[in-house]
Amino acid sequence: MLLGEQEQFLSYNGEVLVFQLSKPKHVEGVADKTMNLCVRRMVFNRETKRFVQKSSGAFSMHANSKIEMVCCSCTTDSRTGIVLPCILMKKKKRNSIKYLLLLLHSSNQFEQSFHFKLDYELKEDIRLFAGPSVLWRHANKLFYVSSNTCVVQSAPFQLSSIVWTGEIVGEGTVILGIRTACLPESEDTDKLSISDRAIWGSELFGYAIQTQKMLTGTCFMPHAYSRVVSSVYICKNERLKKQLRVSLVAITHKNQLIWFQNGLPKGVCELPFEKPCSVKTAVTRSNDLLFIVSFACGNSCVVQRRDSLQVASKWQKVKSVLVDDFIGSGSEQLLLLFKDDSNTEVLSTFKITDLEAVNYASGISYKHDVPAAEGLQENGFLTVQALETRLQAGFTSVRELQQHLKLKKKVIVESCRALINLVEERTHILPNAKEKTFFCKEGLVSLWDDVENPPHSLHKETSLASEVPDHFTEKLWQRVVGDSLVVGVKLTESFSVSLSDVSLSLVMDQDFPSISPIIKCQSKIIKLNKAFSALEVSSCQIEPPPKKMKLDLHNKNDLKVEFPKRPSGVQQDGSKTVIAVTSLSPLLAFHRVCCAVLLHVKKQKHGNDGLQESKMVTVLCGKILLSLEDISNGRFSVTILRDNSYCTGAMEDILAVLAASVRFSFQIMSSDCTLTPVNSWLLGEMECTPFKECHDNIFCHKAGNVYGTVFNWSLKNPFEGVLTIFCRNLTVLFQCLHSLIRVLPPSCNVKLLRSGRKGVLTEELALALQKEMLILKSSFFSKERKAENSLTWENEAGKKISNVPLASLLDTVEGVQQFRKKFQNEREQSVLSMDRTMNGALYQKIALKIAEAQLSSDMIVWRLS
């Protein structure tokens with residue numbers, strides 16, 4: 001290879017890396033004994049539609065021997081887990097040949113990974129793979145060397161060619177090669193026909209380098225294709241029930257491209273040129289899979305896989321074909337570099353395409369793609385106007401929230417009164433006229449109406465408890481975790497009400513005149529799948545100030561801190577537990593306390609007027625008894641033991657620990673190395689072991705304050721994960737984070753996340769907004785139907801006198817009465833059209849439904865912000 005031809009191209013993260021060998025500028029009196037390996041990072045400019053240089057770097061080498069570039073590729077650095085560009089260099093001397101493998105970092109600095117010497121020159125099937133490592137074929141033998149050992153090793157078999165090198169699930173780095181077939185023992189070579197000899201002459205096989213394990217070729221393709229295959233690209237590989245399933249595409253010496261699925265051919269396509277040598281893939285924005293085939297003569301073509309394999313496009317005089325997201329659209333494109341002897345500039349003749357909407361080529365004017373300046377100014381003006389409107393709306397919302405906060409104490413006090421009377425089955429006394437006037441002035445709507453159509457009495461509401469049978473509650477239990485009392489009610493699988501409409505309350509059975517019998521507690525919902533493969537606890541986030549404050553007489557959740565519930569899309573196929581958590585020390589002040597556990601269920605049904613009505617049903621689940629003697633004897637203590645590699649304990653103990661803990665989720669991201677230290681930190685320094693009943697959560701056994709902390713580590717990819725910590729208090733949280741930060745690399749970014757995943761919250765918001773729209777629509781049409789029916793009746797009554805002359809009506813007494821009746825009807829119709837009214841009961845239902853829907857959507861928006 002001549003010095004002028006020493007040029008290699010490589011795509012990396014949307015950039016084009018151009019490697020060139022050059023000599024430094026000659027200085028008089030100084031002997032030129034160095035050679036520079038230069039790299040130029042080129043990026044595509046969408047405005048000028050040309051490649052521009054982003055940065056550059058160089059690596060100097062002694063030129064006392066002939067230096068050449070062998071090949072370049074992107075491989076994984078085993079030290080950090082990051083994919084880096086690497087290039088294999090060759091220094092040729094008289095007696096030996098020295099090979100150097102260089103790594104290129106983001107700072108354009110070259111690092112010499114390792115080197116090795118050979119007494120022959122590498123020419124056949126040279127591949128670079130993870131490590132970095134080098135693999136090649138010489139004298140029908142396989143050789144490889146890695147950065148870990150720097151020693152050349154050989155495989156214990158012979159092969160005639162290497163068709164693919166890459167990673168396979170469960171096997172590590174695997175090479176696919178062609179070798180002389182081993183005939184079955186029952187077959188005699190002399191008795192085989194010519195066709196049988198052609199088929200059995202060669203076979204495809206796989207070889208795992210790390211484990212030195214041989215893989216049969218039949219899991220990739222039938223044996224008969226082994227003789228004609230020249231190159232393979234594995235698109236997908238996975239293991240299903242310990243069986244390897246592979247999807248691959250292969251090119252053959254017969255100028256064909258064949259698609260194989262799980263070892264069977266699924267499609268074939270005739271290629272437009274001869275001598276295909278390599279194949280690679282690209283995925284477009286419409287998720288179409290493209291196969292790019294390169295030929296020895298310098299041509300290329302693209303094959304699409306839709307209903308069948310077919311050639312979509314072809315090009316000639318192609319110097320190189322690269323696949324990456326060069327324009328930053330989020331999908332892959334093809335970059336074709338053409339041979340152009342007339343132009344010596346790098347990346348001067350090219351084409352970027354995805355065979356769909358993207359199509360850029362050198363030498364074409366794209367002036368029509370640039371928007372006019374007037375259009376940009378107009379868009380900017382409209383954007384500023386929209387932002388000003390949103391800012392003003394934000395100020396208005398803040399003022400409304402401040403006014404609502406002033407009413408918070410009055411609303412809570414009245415709600416407490418209603419709740420106490422409801423539990424004690426006493427008739428609630430409605431607010432007096434002065435308080436009603438105060439609420440109305442502040443913009444609140446009273447949900448009590450003592451004039452017309454009052455709501456159901458409290459006694460009637462209490463009697464609805466029979467609508468929820470007792471067999472819906474399977475078990476009542478209690479645990480003491482630190483200074484918290486945890487009370488749980490396990491629901492049966494036949495419980496069909498949505499978990500978002502279920503809550504618990506604790507009411508003291510004793511009568512203490514100086515205090516309220518209602519115990520302030522936090523209601524949480526925990527749902528376990530039957531296989532205990534997932535466990536979710538509602539997050540302990542403080543509820544934001546609601547935009548609309550409505551008081552529901554029948555809602556018994558006024559003294560509870562409301563928590564986000566599990567998404568409604570969860571399958572109701574496992575056991576469900578409702579938990580109430582309260583402070584233990586105030587209860588122990590009475591030495592011995594008996595509490596009633598009430599299960600509140602909100603039942604939804606459709607009324608005659610088309611509105612969805614809700615009724616709060618209360619079920620007495622039982623009573624719990626708590627005393628200082630029981631606490632001292634450890635009767636309700638949590639017991640979690642360590643059994644070999646697992647934590648064992650009753651499911652109630654696990655639920656109690658999670659419910660009494662405060663949950664924090666952190667997003668951990670790393671740009672320089674993988675997050676393997678997190679798992680080592682959990683299992684090593686923190687001495688964690690997984691629960692036997694739910695493996696996703698691990699229990700900390702480290703002595704000290706952190707003992708009993710529960711962790712959940714979920715990896716999104718090797719560089720990003722979410723660590724969830726269930727701890728007793730903030731002190732324990734800070735200790736855990738301090739210990740974690742010491743083992744993480746300095747470049748790691750740790751970010752606190754709010755409760756709920758963005759995708760799930762987005763789906764919940766869509767459903768909440770849809771529900772709010774349907775309630776508004778049904779309320780409006782219900783009101784319109786009542787008004788239309790009234791107007792229709794009025795019009796029918798007035799048809800008889802609509803056509804009679806006015807003068808004739810005033811001549812007689814009967815005519816005057818008819819005219820008076822007509823005038824009265826018209827006046828009533830006019831008043832109805834200008835100010836349509838409804839009774840108090842209907843207005844209560846509409847206002848309550850709208851307020852509940854708006855509060856739900858506001859809560860989800862706050863969690864997403």
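In what order do the four strands of the open sheet stand? In this predicted model, the order is β9-β10-β11-β12, and the strands pair in the antiparallel sense. The edges of the sheet are taken by β9 (124-129) and β12 (153-158); each has a single partner strand, so one side of each is left without a neighbour in the sheet. Direction ignored, neighbouring strands here are turned by 20° against each other on average. At the β12 edge, three bridges hold the antiparallel pairing with strand β11 (residues 141-146). Within that pairing, Lys141 stands opposite Gln158 in β12.

Further along the chain, a run of hairpins can be followed strand by strand, beginning with β21 (residues 276-283). This strand pairs with β22 in the antiparallel sense, over seven bridges, and Ala282 is found opposite Leu290 in β22. The two strands form a hairpin with five residues between them, and one residue of the turn, Asn287, has a positive phi of about 60°.

Strand β22 itself (residues 289-295) is a good place to pause. Seven of its seven residues are buried, so the strand is largely enclosed by the rest of the structure. Leu289, Phe291, Val293 and Phe295 point one way, while Leu290, Ile292 and Ser294 point the other way, and all are buried. Readers following the side chains on screen will thus find Ser294 among the buried residues of this strand.

On to the next hairpin: β22 and strand β23 (residues 300-305) run antiparallel and are joined by five bridges. Phe291 stands opposite Val303 in β23, and Leu290 stands opposite Gln304. Four residues lie between the two strands of this hairpin, and Gly298 in the turn has a positive phi of about 95°. Strand β23 is mostly covered, with five of its six residues buried. It continues into another hairpin, in which three residues join β23 to β24. Six bridges link β23 to strand β24 (residues 309-315), again in an antiparallel arrangement, and Arg305 stands opposite Leu309 in β24.

Attention now turns to the nonpolar interior. In soluble globular proteins, nonpolar side chains tend to be buried together. The largest nonpolar core of the model has 28 residues, and those with the most contacts inside it are Leu485, Leu491, Leu504, Leu587, Val597, Leu599 and Leu626. At least two residues of this core come from each of β30 (484-491), β31 (502-508), β35 (576-583), α6 (585-588), β36 (592-606) and β37 (612-627). The most is given by β36, which supplies five residues. Leu587 offers a convenient view of the surroundings: leaving aside residues up to four places away in sequence, it touches Leu485, Met508, Ile519, Thr582, Val593 and Leu626. Apart from this core lies another, of 24 residues, with Cys700, Leu723, Ile725 and Cys727 among them.

Helix α9 (residues 676-683) shows a clear division between its sides. Which of its residues are buried? They are Val678, Trp681 and Leu682. Seen down the helix axis, the buried residues fall within an arc of 95°, so they line one face of α9. An α-helix has 3.6 residues a turn, so residues three or four places apart point the same way. Thr676 and Ser680 are exposed on the other side of α9. The cover over the buried residues of α9 includes β41 (688-690), β42 (698-700), β43 (710-717), β44 (720-727) and α10 (730-743).

A final stop is Lys849, a residue of helix α14 (residues 840-864). Is this lysine buried or exposed? Lys849 has a relative accessibility of 8%, and because buried means under 20%, Lys849 counts as buried. Lys771 is 78 residues away from Lys849 along the chain, yet the C-alpha atoms of the two are separated by 9.9 Å.

How values were computed:
Residues are numbered from 1 along each chain as its sequence is written. This is a predicted model: local features need pLDDT of at least 70, side-chain atom pairs count only at pLDDT 80 or more; totals for chains, interfaces and linings use all residues. Side-chain values use heavy atoms; hydrogens and water are left out. Buried means under 20% relative accessible area, exposed over 50%, partly exposed in between (1.4 Å probe, protein chains only). The arc is that of the directions from the helix axis to the C-beta atoms. Contact means heavy atoms within 4.5 Å. Two strands pair if DSSP finds at least two bridges between them. A nonpolar core is a set of buried Ala, Val, Leu, Ile, Met, Phe, Trp, Tyr and Cys residues joined through side-chain atoms within 4.5 Å. Axes are lines fitted to C-alpha atoms, for helices over the stretch in contact, and angles run from 0 to 180 degrees between N-to-C directions.
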